[in-house]
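Open the model in your viewer and show it as a cartoon. Keep side chains ready to switch on. The tour goes from strands to rings.

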Amino acid sequence: MLQRYLDWGQAVRTLDDLRTLPPEGILARCLFGEARASTVSADERGKVGCVIRNRGKWWVPKNQLTLRSWVGIILQPKQFSWTLTSDPNYLKVLDPMKAELPAVWEGCCIIAEGVVKGTIADTTSNADHYYDKSMDRHPPYWAASMKPTVRTEHYRFFRSDRVKV
């Protein structure tokens, strides 16, 4: 495993400690919290990463995502369930190398690098929201006001009016 992946995966005590990570590192943590399950494909992880990148289309001026932007998007309150201390993934994201096999963490890092660098294409039709299909019977309230874009085996993707296509 590359040293930078090991560095990004070092245990931290709080979410604030994640603010020092590079964009790829903070995105890898988010992917780990949101899409690390063994049944989730690399394509689906990439789509989740692209949703976060797409939020930058209404968060910051075009093509100016910075570390602060990635951290702001990911750690904005109530955006991702793993950031809640009550969520079972919270502690896992704080110490990803202990929570899963190293290959799982490495896979999240590889996807994160591709999303940040732009080498992973957006195949979500500019979605900026998603939810896990386990919520299909009781979808989040916000889904009713957004345009559905893509459905995968595990996720439902949506685009808000804030994203200009």
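Begin with the strands. Three of them make an open sheet, ordered β1-β3-β2, with antiparallel pairing. Bear in mind that this is a predicted model. Now pick out the edges: β1 and β2 (147-151) each pair on one side only. Look along the sheet for its twist, which averages 30 degrees from one strand to the next.

Next, select β2 and β3. These two strands pair in the antiparallel sense, over three bridges. Add the side chains of P148 and F158. P148 stands opposite F158 in β3.

Now turn to the rings. How many aromatic pairs does a search of the whole structure find? The search finds eight. Select Y130 and Y155 to see one of them. This pair is edge-to-face, with 5.7 Å from centre to centre and 85 degrees between the planes. An angle over 60 degrees counts as edge-to-face, so the label follows from the planes. Trace both residues back to their strands. Y130 belongs to strand β1 (residues 129-132) and Y155 to strand β3 (residues 155-159), so the pair links parts that are 25 residues apart in sequence.

Switch on a surface. Are these two rings' residues buried or exposed? Y130 is buried, at a relative accessible area of 9%. Y155 is buried too, with a value of 3%.

Keep Y130 selected and add F157. Y130 and F157 also form an aromatic pair, this one tilted: the centres are 5.9 Å apart and the planes make an angle of 35 degrees. Y130 lies in β1 and F157 in β3, so this pair ties together parts 27 residues apart in sequence. F157 counts as buried, at 1% relative accessibility.

Show the three side chains together. Y130, Y155 and F157 form one aromatic cluster. Y130 takes part in the edge-to-face pair with Y155 and in the tilted pair with F157.

For the last stop, leave the sheet residues and select F32 and R36. What sits over the ring of F32? The charged end of R36 does, 4.9 Å from the ring centre.

To finish, bring back the full cartoon with the cluster of Y130, Y155 and F157 still shown. Then colour β1, β3 and β2 in sheet order.

How values were computed:
Residues are numbered from 1 along each chain as its sequence is written. This is a predicted model: local features need pLDDT of at least 70, side-chain atom pairs count only at pLDDT 80 or more; totals for chains, interfaces and linings use all residues. Side-chain values use heavy atoms; hydrogens and water are left out. Rings of Phe, Tyr and Trp (its six-membered ring) pair if their centres lie within 6.5 Å; planes under 30 degrees apart count as stacked, over 60 as edge-to-face and the rest as tilted. Helices (H or I, at least four residues) and strands (E, at least two) are DSSP runs, numbered from the N terminus. Buried means under 20% relative accessible area, exposed over 50%, partly exposed in between (1.4 Å probe, protein chains only). A charge sits over a ring if NZ of Lys or CZ of Arg is within 6 Å of the ring centre and within 35 degrees of the ring normal. Two strands pair if DSSP finds at least two bridges between them. Axes are lines fitted to C-alpha atoms, for helices over the stretch in contact, and angles run from 0 to 180 degrees between N-to-C directions.
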